[in-house]
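Biologist: I would like to go through a protein model with you. Could you show it before I ask about it?

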Amino acid sequence: MKRILHLLKPCLEMAVAEGIICKNPCDNVVLPVESCIETKTKEQVTLNDSEIAEFKEAAIARYKTTNDYKSRDAIVLLIMLNLGLRVGEMLALEWDDVNLNENLIYINKTVQSNIKNFSSTGKSQYSRVKSSTKTHSGIRVIPINNTVANYFEELKMYDNKKGITSRYVCATHAGTQNTSRNLQRSLDRLVNNTNIRKKVTLHTLRHTFGSTMLRRGVSIEVVSKLMGHSNINITYTKYIHVIQEQKAKAMQMVSIC
């Protein structure tokens with residue numbers, strides 16, 4: 001609002017001087033105080049390196065008797081953490097989108113959850129797969145490292161052993177497409193088996209990916225592309241706290257003279 005008034009003021013003053021209007025209508029405008037017109041950005045929860053290590057240890061836990069993973073969803077959650085995928089992108093990911101020969105995955109659709117449907121019989125909710133992501137930039141090809149490729153391979157072997165057949169990477173034991181609610185429940189159970197005491201959500205995994213990448217020296221331009229942000233300003237705004245931390249560390253490490 002201040003900027004708008006700053007731009008309008010000279011125009012209105014000129015209009016008064018030229019007799020077009022009798023009085024500047026903004027003369028007596030009182031702006032609200034800063035605390036009223038600015039909303040503090042909600043602080044995002046992230047996992048630090050030791051918490052990430054503990055998260056992984058719990059996720060890859062196996063039964064001693066069968067050597068099976070205790071949770072299929074936990075491996076899916078590890079993939080989300082390593083790739084920074086949105087929840088809808090993970091739910092919509094199909095095996096046809098995973099190229100383990102070239103270590104690439106293709107993100108080209110998303111699941112829209114809790115869509116409200118109003119009809120003569122009442123209100124209901126449903127989910128659907130949308131053949132595009134949240135933004136145009138969200139359609140992307142992500143290279144994966146050998147660790148992530150191994151998680152995909154482990155899922156395939158798990159499914160073969162359990163007789164699970166599904167087109168979706170994030171599937172239920174019945175082979176149907178999983179839901180964000182089920183995945184969050186699995187995440188809650190996983191975190192409860194660790195010493196992590198933060199409120200960890202599915203979005204926490206994505207935010208941890210971005211923060212960790214920046215802290216490990218990956219450029220903000222690359223992080224922005226990997227996460228499918230529509231422009232780099234979104235990445236900068238979301239991770240300004242990490243960037244400030246890195247600047248402070250850089251100034252402590254470098255002495256000019």
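Modeller: The questions below take up one residue, a group of charged side chains, a pocket and a helix.

Modeller: This is a predicted model, in which local features need pLDDT of at least 70 and side-chain atom pairs count only at pLDDT 80 or more, while totals for chains, interfaces and linings use all residues. Residues are numbered from 1 along each chain as its sequence is written, and side-chain values use heavy atoms, with hydrogens and water left out.

Biologist: Is Leu-187 buried or exposed?

Modeller: Leu-187 sits in helix H7, residues 180–192; helices (H or I, at least four residues) and strands (E, at least two) are DSSP runs, numbered from the N terminus. Buried means under 20% relative accessible area, exposed over 50%, and partly exposed in between (1.4 Å probe, protein chains only). The relative accessible area of Leu-187 is 0%, so Leu-187 is buried.

Biologist: Leaving aside its neighbours within four places in sequence, which residues is Leu-187 in contact with?

Modeller: Contact means heavy atoms within 4.5 Å. Val-200 is 13 residues from Leu-187 in sequence, and their C-alpha atoms are 7.8 Å apart. With the sequence neighbours within four places left aside, the contacts of Leu-187 are Phe-55, Leu-77, Val-200, Thr-201 and Leu-202.

Biologist: Which residues are joined with Asp-68 into one network by salt bridges that share partners?

Modeller: A salt bridge is a side-chain nitrogen of Lys or Arg within 4 Å of a carboxyl oxygen of Asp or Glu. Lys-161 forms one with Asp-68, with the closest N and O atoms 2.6 Å apart; this pair links helix H6 (residues 146–162) to the loop between helix H3 (49–59) and helix H4 (72–83), 93 residues apart. Lys-162 also forms one with Asp-68, at 3.1 Å between the closest N and O atoms. Salt bridges that share partners thus join Asp-68 into one network with Lys-161 and Lys-162.

Biologist: Does Asp-68 count as buried or exposed?

Modeller: Lys-161 has a relative accessible area of 55%, so Lys-161 is exposed. Lys-162, at 41%, counts as partly exposed. Asp-68 has 10% relative accessibility and therefore counts as buried.

Biologist: How many charged residues are in the lining of the largest pocket?

Modeller: On a 1 Å grid over the protein atoms alone, a pocket is an open set of points where a 1.4 Å probe fits, with protein on both sides within 12 Å along at least five of seven lines, and lining residues have an atom within 4 Å of a point. The largest pocket is lined by 21 residues, and Leu-81, Asn-82, Phe-209, Met-213 and Arg-216 lie nearest its centre. Ala, Val, Leu, Ile, Met, Phe, Trp, Tyr, Cys and Pro count as nonpolar, Asp, Glu, Lys and Arg as charged, and the others, Gly among them, as polar. By class, the lining has 14 nonpolar and 4 polar residues, and its charged residues number 3.

Biologist: How far apart are the end C-alpha atoms of H8?

Modeller: H8 covers residues 202–215, and 11 of its 14 residues are buried. The expected span of a helix is 1.5 Å times one less than its number of residues. For the 14 residues of H8 the span should therefore be 20 Å, which agrees with the distance between its end C-alpha atoms, 21 Å.
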